Amino acid sequence: MQKIKWPIAIVTSYLIIYQSAVLLGFYDNTIAVMYLASPFLLLWMVYKILKDGTPSERTFDEYFYDDYDYKRNHSEETTS
């Protein structure tokens with residue numbers, strides 16, 4: 001989990017700086033380059049999360065949410 005904290009922090013900080021670039025008075029060319037670089041940074045972050053992240057032990061069949069202890073009641077299954 002430690003491996004994915006840095007990509008998340010770097011990309012989130014980058015996007016916050018990008019969003020406030022106009023208010024900070026960045027040049028238009030700098031903002032355009034940041035705009036063009038942002039999809040690649042997001043793809044890098046997603047790749048690192050999928051590659052280095054740990055999968056959950058919970059399955060969708062048992063729990064409806066991964067971050068909350070709400071067990072499924074299986075009433076949505078249809079019987080034939």
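Start by selecting F64, which is partly exposed at a relative accessible area of 39%. In this predicted model, F64 sits in the segment after helix 3. Now add F60, Y65, Y68 and Y70 to the selection: together with F64 they make a nonpolar surface patch of about 580 Å². A residue needs over 30% relative accessible area to join a patch, so F64, at 39%, clears that cut-off.

Stay in this segment and select D69, which also lies after helix 3. Is D69 buried or exposed? With a relative accessibility of 59%, D69 counts as exposed. Show the neighbours of D69 next: leaving aside residues up to four places away in sequence, D69 touches R58 and Y63.

Zoom out to the whole chain. Coloured by secondary structure, the chain shows three helices and zero strands, and from the N terminus on the elements run α-α-α. Switch to a surface view. About 7100 Å² of the chain is exposed, and carbon and sulfur atoms supply 63% of that area. Buried residues account for 16% of the 80 residues in the chain. For contacts with a separation of 6 or more, 39% are between residues 24 or more positions apart.

Next, go inside. Which residues make up the largest nonpolar core? Select Y14, Y18, A21, I31 and M34, the five residues of that core. Helix 1 (2-19) and helix 3 are the elements that give two or more residues to this core. In soluble globular proteins, nonpolar side chains tend to be buried together.

Keep I31 selected and display its contacts. Not counting residues up to four places away in sequence, I31 touches Y18, A21, V22 and F26. Two of these names, Y18 and A21, are also on the list for the core.

Move along to S38, in helix 3 (residues 28-52). S38 has a relative accessible area of 11% and is buried, because the limit for that class is under 20%. Turn on polar contacts here: the S38 side chain reaches the backbone oxygen of Y35 at 2.8 Å. Then show the residues around S38. With residues up to four places away in sequence left out, S38 touches Y14 and L15. Y14 has already appeared on this tour as a member of the largest nonpolar core.

The last stop is D52. Select D52 together with K48 and K51, the three residues linked in a network of salt bridges. How many salt bridges are there? The count comes to two. For one of them, draw a distance between the side chains of K48 and D52, which meet at 3.2 Å, N to O. K48 and D52 are four residues apart in helix 3, so about one helical turn separates them. For the other, look at D52 and K51, where the closest N and O atoms are 3.6 Å apart. Side chains of opposite charge can pair when their charged atoms come close. Before leaving, check the accessibility of D52: at a relative accessible area of 15%, D52 is buried.

Key
Residues are numbered from 1 along each chain as its sequence is written. This is a predicted model: local features need pLDDT of at least 70, side-chain atom pairs count only at pLDDT 80 or more; totals for chains, interfaces and linings use all residues. Side-chain values use heavy atoms; hydrogens and water are left out. Buried means under 20% relative accessible area, exposed over 50%, partly exposed in between (1.4 Å probe, protein chains only). A polar contact is a pair of N or O atoms within 3.5 Å; within protein, one must be able to donate a hydrogen and the other to accept it, and residues adjacent in sequence count only if both atoms are side-chain atoms. Contact means heavy atoms within 4.5 Å. A salt bridge is a side-chain nitrogen of Lys or Arg within 4 Å of a carboxyl oxygen of Asp or Glu. Accessible areas come from the Shrake-Rupley method with a 1.4 Å probe; for residues, only the protein chains shown count as cover. Patches are made of residues with over 30% relative accessible area and no salt bridge: like charges are joined within 9 Å, nonpolar side chains (Val, Leu, Ile, Met, Phe, Trp, Tyr) within 5 Å. A nonpolar core is a set of buried Ala, Val, Leu, Ile, Met, Phe, Trp, Tyr and Cys residues joined through side-chain atoms within 4.5 Å.
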